[in-house]
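Welcome! Please take a moment with the sequence and the model below, and then we can walk through a few of the features together.

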Amino acid sequence: MRKYLFLSAVLFFLTSNLQGNVWSQPKGDTHTKETPIDRTIRGKVLDDNLEPIIDVIIKINDSVKVGKTGVDGTFEITTSIPINQLYFESIGWEDAKISLSNDCNNIELIMQSMYTYCFLSLDKINKRRKKELKKLKKIHKQAYQQGLFLSPEPCYIREFIEEKWDNTPR
């Protein structure tokens, strides 16, 4: 019985070394692996009257909170996590979800006021909200002309977030 155990152990170690198991030495130079590069994104968040919005919560990829805006509506995020989307949320303002390209490191965002729509269907509410969202490009251009923004058009794609009925108990 001991012979079988000893032989099994020897065969296990021999075959695991041939297959490159965890006990074998790493192959290649381990110091040349690329380390994640930190990305810094700066920006400013204004309302539709071109006033700065304070304490807007900023999330990466819909879940990780990475910061919030200051008194002047500006923010700076430095992270090594790949950033595909930023999500902006604040009380009294419509949430904003934007998709970023790799070269978009200066975010200039206009947020819409949140309204309460009484006695309207959800389709009509979303239609009105979408119409208001289209006006934001014009407001962005006005902010650029007044020297509040650095670029005449945003470098990101803003996604429309549809309003849905929330039937969850509170």
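In which helix does Lys 124 lie? Lys 124 belongs to helix 2, which covers residues 122–134; helices here are DSSP runs of H or I with at least four residues, strands are E runs of at least two, and both are numbered from the N terminus.

## About the model

This is a predicted model, in which local features need pLDDT of at least 70, side-chain atom pairs count only at pLDDT 80 or more, and totals for chains, interfaces and linings use all residues. Residues are numbered from 1 along each chain as its sequence is written, and side-chain values use heavy atoms, with hydrogens and water left out.

## A salt bridge between strands

Side chains of opposite charge can pair when their charged atoms come close. With a salt bridge taken as a side-chain nitrogen of Lys or Arg within 4 Å of a carboxyl oxygen of Asp or Glu, the count is five.

One pair is Lys 59 and Glu 89, whose closest N and O atoms are 3.3 Å apart. Lys 59 sits in strand 2 (residues 57–60) and Glu 89 in strand 5 (residues 85–90), so this pair ties together parts that are 30 residues apart in sequence.

## A pocket beside helix 3

The second largest pocket holds about 250 Å³ of space. A pocket is an open set of points on a 1 Å grid over the protein atoms alone, with protein on both sides within 12 Å along at least five of seven lines, and lining residues have an atom within 4 Å of a point. Volumes are the space filled by probe spheres set on the points, which are joined across faces, edges and corners.

Helix 3 gives the most to this lining, with three residues. Among the lining residues are Leu 133, His 140, Tyr 156 and Arg 158.

How values were computed
On a 1 Å grid over the protein atoms alone, a cavity is a set of points where a 1.4 Å probe fits but cannot get out, and a pocket is an open set with protein on both sides within 12 Å along at least five of seven lines; lining residues have an atom within 4 Å of a point.
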